[in-house]
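Me: I would like to work through this structure with you, one question at a time. Please reason each answer out before you give the value or name.

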Amino acid sequence: MKITITVENPTPEALEKLLALAAMPAAVVTAQPDDRWTPERARSYYDRLPPRAQQILLQVVEGEGDCAADELKANGRSLRGSTGAFRRVLTEGKRTGLWPEALPAPLVSHIVGGQLKKLEMPGRGTEQYALKAFEEGLRGLRTGG
């Protein structure tokens, strides 16, 4: 049997009770920081983005975690002002307690010579790589263009 418990800012009394429970014979306790994207968090994040940022995020997810800026600008679509929404929505969600402080940015920009070259999900090959959570959380949505 596997039980996962996430406790943010536990009181000393709650922590003491949890540790006592973990001390039961044959109990295996592992601590995992609450710094991972889940499908629920991914969908909540997506729903808070403005429409153009939603399209960009879907393109990155459909591109298996990255997308060239030229692809994102296809059909004359501008990126101006759209990419700032990713950090703004994440920061607002953390500030209001929607997401934990340790949750990493789901997208990073690669800028060369002052020009945006691509957007990608950081952490490929690590436990923090968010692609699977976003694929599951955004299943059924399409970029439409």
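Me: In this predicted model, what is the relative accessible area of Tyr-45, and is the residue buried or exposed?
Reply: A residue counts as buried when its relative accessible area is under 20%. Tyr-45 meets that condition and is buried, its relative accessible area being 0%.

Me: Which of these words fits Phe-134, buried or exposed?
Reply: The same cut-off applies here, with buried meaning under 20% relative accessible area. Phe-134 has a relative accessibility of 0%, so the word that fits is buried.

Me: How many aromatic pairs are there, and is the pair of Trp-37 and Phe-134 stacked, tilted or edge-to-face?
Reply: The count of aromatic pairs comes to five. For Trp-37 and Phe-134, the ring centres lie 5.0 Å apart and the planes stand at 55°. Planes under 30 degrees apart would count as stacked and those over 60 as edge-to-face, so this pair is tilted.

Me: How many residues apart in sequence are the parts that Trp-37 and Phe-134 tie together?
Reply: Trp-37 sits in the loop between helix 1 (12–22) and helix 2 (39–48), while Phe-134 belongs to helix 6 (residues 131–137). The pair therefore ties together parts whose separation in sequence is 97 residues.

Me: What is the angle between the planes of Tyr-45 and Phe-134, and which helices hold these two residues?
Reply: Tyr-45 and Phe-134 form an edge-to-face pair, with 6.2 Å from centre to centre and an angle of 90° between the planes. Because Tyr-45 lies in one helix and Phe-134 in another, their pair ties together parts 89 residues apart in sequence, and the helices in question are helix 2 and helix 6.

Me: Which residues do ring pairs link into a cluster?
Reply: Phe-134 forms an aromatic pair with Tyr-45, and Phe-134 also pairs with Trp-37. The cluster linked by ring pairs consists of Trp-37, Tyr-45, Trp-99 and Phe-134.

Me: Where is Lys-94 found, and which side chain of opposite charge is nearest to this residue?
Reply: Lys-94 is found in helix 5 (residues 84–95), and among its contacts beyond four places in sequence is Trp-99. Lys-94 is buried yet has no salt bridge, although its side chain does reach the backbone oxygen of Glu-101 at 3.1 Å. The nearest side chain of opposite charge is 4.9 Å away and belongs to Glu-101.

Definitions and conventions: Residues numbered from 1 in each chain as written. Predicted model: local features only at pLDDT ≥ 70, side-chain atom pairs only at ≥ 80, totals over all residues. Heavy atoms only, no water. Helix = DSSP H or I, 4+ residues; strand = E, 2+ residues; numbered from the N terminus. Buried < 20%, exposed > 50% of the residue type's maximum accessible area, 1.4 Å probe, protein only. Lys, Arg positive; Asp, Glu negative; His and termini not counted. Salt bridge = Lys/Arg side-chain N within 4 Å of Asp/Glu carboxyl O. Polar contact = N/O pair within 3.5 Å; in protein donor to acceptor, adjacent residues only side chain to side chain. Contact = heavy atoms within 4.5 Å. Phe/Tyr/Trp six-rings, centres within 6.5 Å; stacked < 30°, edge-to-face > 60°.
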